[in-house]
Amino acid sequence: MILFPAVDIKNGQCVRLAQGREDQVTVFSADPVEQALRWADQGARYLHVVDLDGAFSGLPRNFELIRSICAAIDIPVQLGGGIRDIATAQKYIEAGVERLIIGTMALESPDLFSELCRTLPGRIGVSLDAVDGRLKTKGWVKDAGLTMDDVLPRLERDGIRFIVFTDIARDGMQTGVNVAGLKALCARTSVPVIAAGGVHTLDDIKALHPLCADGLEGAISGRAIYVGTLDVREAHAWIDAQAA
């Protein structure tokens, strides 16, 4: 199981949103590169980066910052936000991003998304962000009019490498993870699943860990590791102890 520390970038700063709302911003660092280094120094094994400006605008707004993060740390980076065409995706891979998380394109432009998966095999995951089972796009502000069952078969045929499932109602709220929803998703697909939204303490990691047997790859944590209710080093020590 991998714990993915999140570095969400907005206006050049490292921030967290509450339930994805653009007007509910907390700034945790003025320097996302320094923050990424801090998580790497604390034993992170994979970094989760989101270009929030890109997610809302549809354009890559923090490319140079993200390239600097990739150059500064020696752990892989997965990136989401504002990747709506193949040229942008290729540019990020060339900049050092290990794999990409696609949301809006995957749901609204299925032919283009399929082409992207063929162009960058093994590098493409999909972000399925839901409220009450309804999927959202464009930085979580638009209802896609789709459910998991509507899109999963097509995405699996496209060859996605992983799924990031975000329970938007829990994101940034530290209210605990949606174990039942994640268990149901793992049962529906053979694609590795990453949990996002609601990770608050080590108890949430412990609650998720049994799902690794069903296909859970890991969990993304944001606000919890910034405010200190979850410690990255302690979480990895506990995860490693389960494999010993």
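**Close-up views of a predicted model**

**View A. Strand β2 and its neighbour β3.** Leu17 stands opposite Val25 in β3. This is a predicted model, in which local features need pLDDT of at least 70 and side-chain atom pairs count only at pLDDT 80 or more, while totals for chains, interfaces and linings use all residues. Residues are numbered from 1 along each chain as its sequence is written, and side-chain values use heavy atoms, with hydrogens and water left out. Strands and helices here are DSSP runs numbered from the N terminus (E, at least two residues, for strands; H or I, at least four, for helices). Strand β3 covers residues 21-29, and five bridges join β2 to it in an antiparallel arrangement. To count as a pair, two strands need at least two bridges found by DSSP. Is β2 enclosed or open, and why? Five of the six residues of β2 (residues 13-18) are buried, so this strand is largely enclosed by the rest of the structure. Buried stands for under 20% relative accessible area, exposed for over 50%, and partly exposed for anything in between, using a 1.4 Å probe and protein chains only.

**View B. The β1-β2 hairpin and its turn.** Have a look at how β1 (residues 2-10) meets β2: three bridges join the two strands, which run antiparallel. Asp8 has Val15 as its bridge partner in β2, and Lys10 has Gln13. Two residues lie between the strands of this hairpin. Which residue in the turn has a positive phi? That residue is Asn11, with a phi of about 55°, a positive value in a residue other than glycine. Asn11 is found in the loop between β1 and β2, and its relative accessible area of 59% makes it exposed.

**View C. Strand β1 and its parallel partners.** Besides its hairpin with β2, β1 pairs in the parallel sense with β12 (residues 216-221) over four bridges. Here Phe4 of β1 finds its bridge partner in Ile220 of β12. Strand β4 (residues 47-51) also pairs with β1 in the parallel sense, over four bridges. In that pairing, Ile9 is matched with Asp51 of β4. Eight of the nine residues of β1 are buried, so the strand is largely enclosed by the rest of the structure.

**View D. Phe162 and its surroundings.** Phe162 sits in strand β10 (residues 162-167). Is Phe162 buried or exposed? With 0% relative accessibility, Phe162 counts as buried. Which residues does Phe162 touch, leaving out those up to four places away in sequence? They are Gln78, Arg99, Leu100, Ile101, Ile124, Gly125, Val126, Val191, Pro192 and Ile194. A contact here means heavy atoms within 4.5 Å. For a sense of scale, Phe162 and Asn178 are 16 residues apart in sequence and 18 Å apart in space, C-alpha to C-alpha.

**View E. Helices α1 and α3.** Two packed helices are described by the angle between their axes and the distance between the axes. For α1 (residues 32-41) and α3 (residues 63-72), the angle is about 30° and the axes are 9 Å apart. Axes are lines fitted to C-alpha atoms, for helices over the stretch in contact, and angles run from 0 to 180 degrees between N-to-C directions. Helices α1 and α3 are therefore roughly parallel to each other; angles under 35 degrees earn that label, with over 145 being roughly antiparallel, 65 to 115 roughly perpendicular and the rest oblique. Their crossing is right-handed, meaning that the near helix is turned clockwise from the far one by less than a right angle, whereas an anticlockwise turn would be left-handed. In the contact, Pro32, Val33, Ala36 and Leu37 of α1 meet Leu65, Ser68, Ile69 and Ala72 of α3. By class, these residues are seven nonpolar, one polar and no charged. Ala, Val, Leu, Ile, Met, Phe, Trp, Tyr, Cys and Pro count as nonpolar, Asp, Glu, Lys and Arg as charged, and the others, Gly among them, as polar.

**View F. Helices α4 and α6.** Helix α4 (residues 86-94) packs with α6 (residues 110-119) at an angle of about 30°, and their axes are 10 Å apart. The two are therefore roughly parallel to each other, and α4 passes α6 in a right-handed crossing. Ile86, Ala89 and Gln90 of α4 meet Leu112, Glu115, Leu116 and Thr119 of α6. This contact has four nonpolar, two polar and one charged residues.
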